[in-house]
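Here is a colleague's note for reading alongside the model. Please keep the structure open while you go through the points, and look up each place as it is named.

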Amino acid sequence: MERISKSLLQHSQSTASGSSSVVQQLQIAREINLFIGIVWPILSVRPFEMAPEIAPVKKALITGITGQDGSYLTEFLLKKGYEVHGIIRRSSNFNTQRLEHIYIDPHQSSARMKLHYGDLSDASALRKWVDSICPDEVYNLGAQSHVGVSFENPDYTGDVVGTGALRLLEAVRIHIESTGRQVKYYQAGSSEMYGATPPPQDETTVFHPRSPYAVAKVAAHFYTVNYREAYGMFACNGILFNHESPRRGENFVTRKITRAIGRIKVGLQKKLFLGNLKASRDWGFAGDYVEGMWLMLQQDKPDDYVLATEDSHTVEEFLEESFSYVGLNWKDHVEIDPRYFRPSEVDNLRGSAKKAKELLGWEPKVQFKQLVAMMVDGDLEKAKREKVLVDAGFMDSHQQP
C-alpha cells in the first residue's frame, strides 16, 4: 500500500513539473486520494476475509401435506431449515387445519412453507410442480389411506395409491433426466402390505395384502424398487407400522375411540360402535416416524426400511388402556356393529425395526401408554370445547363425530 502511494505521488510530481498548471496538480492529487480511499481497500481484501458463501436452502416436496404425517413431517423439516412445498387437492372446504399453527402468509419473506394445488391423479400437475419447485427431496405421503373405505372405493384407491405413486416417480425421473439434478424420493409404505403373513414382519417378509388399499401400496412399493433399479434413482420405501397421534383422522379406530371417550366423559355421547376387537396392531407415535422418513433420505445409498415399535396390542387392549385412563369401563359403552367388519381381516401386525435401528440410528421415543394418554388428553380438551357450544345452543347435543 505504502509503495503504491509513493509511486503514484512521484508520478504526479513529475507530471506536475512539466506543467505550471495548478489545476492539473489538483486533479492528480484527487485521483491519488480516490485510489487510496476507495479502490485500494477493495483490491486489498484477502480471500479469507470475504463473506462466506451461504449454503442453498434444501427444498422438500410433500404430497399429503395436510394429513397427519404430512403436518408432522413439515414441522420437522422446517426446524431443519428446509423450504417445504406441499401439494393439496382443491376443495370448497378448508382442509389445512393441521397446518394452521405453522402457516405463514406466502407474501411474507419469512414464509418457508408453500402450498400448491395438484393431485396424484393428475400427471401433468405433478410434472409441473416438480419442474418448477426443483425439490431436493420428494415425500409421497398422499393416499386414500382408510382400509375400510378402500373396499367401498377400490378403483379410486388403486388409482391414487398405486398409479399415483407411479405418476410421481415418472415426474421425478423425467426431471432428473432433463436437469441432471439429484432428487431423492421417499415412498410411504404400510404394514397392511403384510396382511395375512404372521409376525414379526421385516424388510424380507413376504407381502400378502388383504385389502384394495394394501394391494395398491404393494404396487407403489414395487414401482419404487423398479425405478431405483432401472434408472438408478435414489428412491426409498418406508414400511411404517400403525402410527397415531392427536392429529389422526377421526374415522381411524384409535382416534374414533379417544374421540368418543372425551365426548362420553363430558356427557355428549353414550355409546361407541366398533367392529373387530381382536385385531392386533403395532401402534407408535407419528411424530417419531417422520424422523425415520427423513433419515432414510440422508443415507449414502437408497434402501427400504421397516419402522415399528416391535410391540403390538389388540383393539380391546387399546380400549382398556384408554377408557381406564379417565376412570371409565369400556364395556359399559362399547357395542359391536357387524358393518365395521371387513370382507377380509388382518389379524396381527408387529414389526421388526432392527435394520432401521442399526443403519439409521432410529428408535421410537413414545411408548404405547404415553401415546394413549396423549390422544385421550387431546380429545378430552376438544370435547370440553364442544360442550360449551352445546350448552350455548350452537351445536346439537346428539351430533356424533
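In which helix does Thr74 lie? The first point takes up this question, and the later ones move outward from there.

1. Thr74 lies in helix H3, which covers residues 68–79. The model is a predicted one, and in it Thr74 has a relative accessible area of 0%, so this residue is buried. The side chain of Thr74 reaches back to the backbone oxygen of Gly70, at 2.7 Å. If neighbours within four places in sequence are left aside, Thr74 is in contact with Ile62, Ile65, Val84, Leu99, Ile102 and Met113.

2. The helix that holds Thr74 also packs against another one: H3 and H9 meet at an angle of about 65°, with their axes 9 Å apart, and the crossing of these two helices is right-handed. From H3, the residues taking part are Gln68, Asp69, Tyr72, Leu73, Phe76 and Leu77, and they meet Ala286, Gly287, Val290, Glu291, Met293 and Trp294 in H9. Sorted by class, the residues of this contact between H3 and H9 are eight nonpolar, two polar and two charged.

3. Helix H9 deserves a point of its own. It covers residues 286–296, and ten of its eleven residues are buried, so H9 is largely enclosed by the rest of the structure. The buried residues of H9 are Ala286, Gly287, Asp288, Tyr289, Val290, Gly292, Met293, Trp294, Leu295 and Met296. For the chain as a whole, buried residues make up 47% of the 401 residues.

4. How do helices H6 and H7 lie relative to each other? Helix H6 spans residues 154–179 and helix H7 spans residues 212–231, and their axes come within 8 Å and cross at roughly 15°. An angle under 35 degrees counts as roughly parallel, and H6 and H7 are therefore roughly parallel to each other. The crossing in which H6 passes H7 is right-handed. On the H6 side the contact includes Pro154, Thr157, Gly158, Val161 and Arg173, while on the H7 side Pro212, Tyr213, Ala216, Tyr227 and Tyr231 are among the residues that take part. By class, the contact of H6 with H7 has twelve nonpolar, four polar and three charged residues.

5. Tyr231, which belongs to helix H7, gives a closer view of that pairing. With a relative accessibility of 46%, Tyr231 counts as partly exposed. Not counting residues up to four places away in sequence, Tyr231 touches Arg173 and Asn226. Tyr231 and Arg173 are 58 residues apart along the chain, yet their C-alpha atoms are separated by 7.8 Å. On the scale of the chain, among contacts between residues at least 6 apart in sequence, 79% join residues at least 24 apart.

6. Helix H6 has a further partner in H4: the two pack at an angle of about 40°, with their axes 9 Å apart. H4 and H6 are therefore oblique to each other, and their crossing is right-handed. Ala123, Leu126, Arg127, Val130 and Asp131 in H4 meet Gly164, Arg167, Leu168, Ala171, Val172, Ile174 and His175 in H6. The contact of H4 with H6 is made up of seven nonpolar, two polar and three charged residues.

7. Some places in the loops call for a careful look at the backbone. The peptide bond from Pro199 to Pro200 is cis, with omega near -5°, and Pro200 lies in the loop between strand S5 (184–190) and H7. Cys134 has a positive phi of about 55° although it is not a glycine; this residue is found in the loop between helix H4 (123–133) and strand S4 (137–140), and at 28% relative accessibility it counts as partly exposed. Glu310 likewise is not a glycine and has a positive phi, of about 70°. The loop that holds Glu310 runs between strand S11 (304–307) and strand S12 (313–314), and Glu310 is partly exposed, with a relative accessible area of 32%.

8. How many helices and strands does the chain contain? There are twelve helices and 13 strands, and the helices discussed above, including H3, H4, H6, H7 and H9, can be looked up against that count.

Terms used. Residues are numbered from 1 along each chain as its sequence is written. This is a predicted model: local features need pLDDT of at least 70, side-chain atom pairs count only at pLDDT 80 or more; totals for chains, interfaces and linings use all residues. Side-chain values use heavy atoms; hydrogens and water are left out. Axes are lines fitted to C-alpha atoms, for helices over the stretch in contact, and angles run from 0 to 180 degrees between N-to-C directions. Helices (H or I, at least four residues) and strands (E, at least two) are DSSP runs, numbered from the N terminus. Angles under 35 degrees count as roughly parallel, over 145 as roughly antiparallel, 65 to 115 as roughly perpendicular and the rest as oblique. A crossing is left-handed if the near helix is turned anticlockwise from the far one by less than a right angle, and right-handed if clockwise. Contact means heavy atoms within 4.5 Å. Ala, Val, Leu, Ile, Met, Phe, Trp, Tyr, Cys and Pro count as nonpolar, Asp, Glu, Lys and Arg as charged, and the others, Gly among them, as polar. Buried means under 20% relative accessible area, exposed over 50%, partly exposed in between (1.4 Å probe, protein chains only). A polar contact is a pair of N or O atoms within 3.5 Å; within protein, one must be able to donate a hydrogen and the other to accept it, and residues adjacent in sequence count only if both atoms are side-chain atoms.
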